[in-house]
Amino acid sequence: MSGISPGSDALTVLTFEAGGSLFAVAVEDVAEVVSAAGPPRHGTNVIDVVGILARAGAPGPRGCFIYLRAGGSAGPVALTASRAREVIQLKREGVLPVPGFLFHGSSPYLGVVGHEGKALFLLSGADGLLKATAR
Amino acid sequence: MSPAPHVGFTVGGAPLAVEATRVLAVAPAADVVPVPFARACFPGVLLRLGRLVPIVDLATVPSLWNAVPGTGGDQVVVLAAGEIEAGLLVRQVETLTPGSAEGDSGAAAAPSEVREAILWGAIRARGRDWGLLKVNTALAAAGLPAPPEPQGGSRVDGQEDPARG
């Protein structure tokens, strides 16, 4: 699984908020976090998580772009986030798989775990996210 | 022999029932955790016994209805469907003992707004008619990997099973 050190049950992730939900992505999949005050870099595949999750019309503010390390040939990939939060460690055994049939395509998640009384959705890497959010 | 107890509820305003033995739990809908990016028929998941139980709003699956129903619910009925568990988003959960109340005699009619394909038939309890839900068929229509309906299905003792030839 992405983000898990060999021989370790710990998963180091960057957490962020988007659309009122709490997400995480493995730190080894993160290239850079950049303020969304300006536009994304030219040629970036932007997965607008904040916009996709907007409920009742207007999305909340996009605070930053989280650039991911893209393993494929799709070019740079960035997520929008309301705000990046912190780097934490999760125990692998606490991550519950999310059934794939909940989604139109493949699951965008490696799993979900409880964190600070909320559900923390652990996102898959850039290639998996592009595949899961393509319509 | 006394009739088998059932659990009744409404989905999109339609009164439906399942055998009580299939019901694993009833929980408030407030416990459902929304899953971002999930399909519209899945309002979220419920954490139960260390596993995530998918919750389905059958009212959002058009193929199950003759008339467009209202959606949403304030309770969840968790059901067993083969080896999987799934919850239905419902309203007005109550226990039913068919034929035990005044006004329960006579033939029951299935709710007209629900497609017959997901009903075994109907029962009458508490002076009201309830459609007997084919749980696995309904869940499969929502995209869950539910197994085929068990042989014999769901029926009230003394009542013909309409799904059997």
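Let me start with confidence, since this is a predicted model: chain B averages a pLDDT of 87, and 87% of the residues in chain B score at least 70. There is one stretch to treat with care, because the predictor's confidence is expressed residue by residue on a scale from 0 to 100, and over residues 156–165 of chain B the pLDDT stays under 50. For that stretch the model has 15 contacts beyond four places in sequence. For the model as a whole, the scores are an ipTM of 0.82 and a pTM of 0.85.

Let me turn to chain A and its overall layout. The secondary structure of chain A comes to two helices and nine strands, and if you follow the chain along its sequence you read the pattern β-β-β-β-α-β-β-β-β-β-α. Of the 135 residues in chain A, 38% are buried. If we take the contacts in chain A between residues at least 6 apart in sequence, 62% of them join residues at least 24 apart.

Now to the strands themselves, beginning with β1 of chain A, which covers residues 10–18. How many bridges link β1(A) to strand β7, residues 83–91 of chain A? There are seven, and the two strands pair in the antiparallel sense; within this pairing, Ala10(A) has Lys91(A) in β7(A) as its bridge partner. Strand β1(A) is also joined, by six bridges and again in an antiparallel arrangement, to strand β2, residues 21–26 of chain A, and there Leu14(A) stands opposite Val25(A) in β2(A). The hairpin made by β1(A) and β2(A) has two residues between the strands, and in that hairpin Gly19(A) takes a positive phi near 55°.

There is also an open sheet of four strands in chain A, in the order β3-β5-β6-β4, with mixed pairing. Its edge strands are β3, residues 30–35, and β4, residues 45–47, of chain A, each of which pairs on one side only. From one strand to the next, the twist averages 25°. Inside this sheet, strand β5, residues 64–68 of chain A, and strand β6, residues 77–81 of chain A, run antiparallel and are joined by five bridges, and the bridge partner that Ile66(A) finds in β6(A) is Leu79(A). Helix α2, residues 126–133 of chain A, packs on the sheet, where it touches β4, β5 and β6 of chain A, and its direction makes about 70° with that of β4(A).

Staying with that helix, which residues of α2(A) are buried? They are Ala126(A), Leu129(A) and Ala132(A), and, seen down the axis of α2(A), these buried residues fall within an arc of 135°, so they line one face of the helix. As a general point, an α-helix has 3.6 residues a turn, so residues three or four places apart point the same way. What covers the buried residues of α2(A) includes β4, β5 and β6 of chain A, together with β9, residues 118–123 of chain A.

Next, the contact between the two chains, to which chain A gives 15 residues and chain B gives 13 residues. On the side of chain A that touches chain B, the residues divide into eleven nonpolar, four polar and no charged.

Finally, I would like to point out three residues in loops of chain B. The loop between β5 (51–56) and β6 (75–81) of chain B holds Val61(B). Is Val61(B) buried or exposed? Val61(B) is buried, because 21 other C-beta atoms lie within 10 Å, and the cut-off for a buried residue is 20 or more. Leaving aside neighbours within four places in sequence, Val61(B) is in contact with Cys41(B), Ala141(B) and Ala142(B). The C-alpha atoms of Val61(B) and Gly143(B) are separated by 9.7 Å, although these residues are 82 residues apart along the chain.

Phe37(B) lies in the loop between β3 (23–28) and β4 (44–48) of chain B, and its phi is near 80°, a positive value in a residue other than glycine. Phe37(B) is buried, with 21 other C-beta atoms within 10 Å. Arg126(B), in the loop between β8 (119–125) and β9 (128–133) of chain B, has a phi near 55°, which is likewise positive in a residue other than glycine. Arg126(B) is partly exposed, with 17 other C-beta atoms within 10 Å.

Terms used. Residues are numbered from 1 along each chain as its sequence is written. Chains are lettered from A and ligands numbered from 1 in the order in which they are written. This is a predicted model: local features need pLDDT of at least 70, side-chain atom pairs count only at pLDDT 80 or more; totals for chains, interfaces and linings use all residues. Two strands pair if DSSP finds at least two bridges between them. Axes are lines fitted to C-alpha atoms, for helices over the stretch in contact, and angles run from 0 to 180 degrees between N-to-C directions. Two residues are in contact if their C-beta atoms, placed from the backbone, lie within 7 Å. Ala, Val, Leu, Ile, Met, Phe, Trp, Tyr, Cys and Pro count as nonpolar, Asp, Glu, Lys and Arg as charged, and the others, Gly among them, as polar. A residue is buried if 20 or more other C-beta atoms lie within 10 Å of its own, exposed if 12 or fewer, and partly exposed in between; C-beta atoms are placed from the backbone. The arc is that of the directions from the helix axis to the C-beta atoms.
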